[in-house]
Amino acid sequence: GVSAKVNIESSDLLGRYAVADEDIAPGTIVASGDPTVAILNPDNRSLMYEFCVSCLRPVDRVYPCLTCSSVIFCSPACRSSAGSSFHRYQCQMDLYHFRQEDTEDAFNIFMTLQTLWQKPPSFFFDNWSREKVELVGEVDLEYQRFWNMVTHHETRTERSFLKI
């Protein structure tokens, strides 16, 4: 949530922005929340084997992926959860092998894929309007907000859209 010390405003010129309602001391937390999407991508690639690819926490006891040697998990629960959802796709692409060879900036392109992988294909078939290029139906608010960050799709050409 957002602190009572901050007011969220919006305008056509600036978009959405925060305004302090009172003086805020340095170090004060003014907003917090869970990410809509996250992907393990440390600045130093040697740190890849120090964090769980599922919950992103530091790992004390290592639980390796059962199908690839590129990631680790902090628990059997994280390994099972990731293996039955997003990580099965990462394994098929050998995604984290590429992270070992490429830069963190080049790897950021995979954040888009992670956004898609965290929902089952049925989610998009049930909640996607091809005509309006938007999500419809029963979509959780945070995912809807994330999706709505692209506000210029009306001005894009047909060639610029991914075909599914």
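User: Where is D94 found in this model?
Analyst: This is a predicted model. D94 is found in the loop between α2 (86-93) and α3 (95-101).

User: How do I read the phi of D94?
Analyst: Start with the general idea. Most residues other than glycine have a negative phi. Now the case here. D94 has a positive phi of about 55°, although it is not a glycine.

User: Is D94 buried, partly exposed or exposed?
Analyst: Partly exposed means between 20% and 50% relative accessible area. D94 has 31% relative accessibility, so it counts as partly exposed.

User: What is the phi of L56?
Analyst: About 70°, and positive. L56 is not a glycine either. L56 sits in the loop between β2 (15-20) and β3 (63-64). At 31% relative accessibility, L56 is partly exposed.

User: Next, charge. Which residues gather in a patch of negative charge on the surface?
Analyst: In general, a patch joins like charges within 9 Å. Here E9, D21, E22 and D23 gather in one, and its charge is negative.

User: Why can E9 belong to a patch?
Analyst: A patch residue needs over 30% relative accessible area. E9 has 32%, so E9 passes that cut-off. E9 lies in strand β1 (residues 6-11).

User: Is F73 buried or exposed?
Analyst: Buried means under 20% relative accessible area. F73 has 0% relative accessibility, so F73 counts as buried. Its place is in strand β4 (residues 72-73).

User: How many Å separate the C-alpha atoms of F73 and G137?
Analyst: Separation along the chain and separation in space are two readings. F73 and G137 are 64 residues apart along the chain. Their C-alpha atoms are separated by 34 Å.

Notes: Residues numbered from 1 in each chain as written. Predicted model: local features only at pLDDT ≥ 70, side-chain atom pairs only at ≥ 80, totals over all residues. Heavy atoms only, no water. Patch = residues over 30% accessible without salt bridge, like charges linked within 9 Å, V, L, I, M, F, W, Y side chains within 5 Å. Areas by Shrake-Rupley, 256 points an atom, 1.4 Å probe, with all protein chains shown as cover. Salt bridge = Lys/Arg side-chain N within 4 Å of Asp/Glu carboxyl O. Lys, Arg positive; Asp, Glu negative; His and termini not counted. Charge placed at Lys NZ, Arg CZ, Asp CG, Glu CD. Helix = DSSP H or I, 4+ residues; strand = E, 2+ residues; numbered from the N terminus. Buried < 20%, exposed > 50% of the residue type's maximum accessible area, 1.4 Å probe, protein only.
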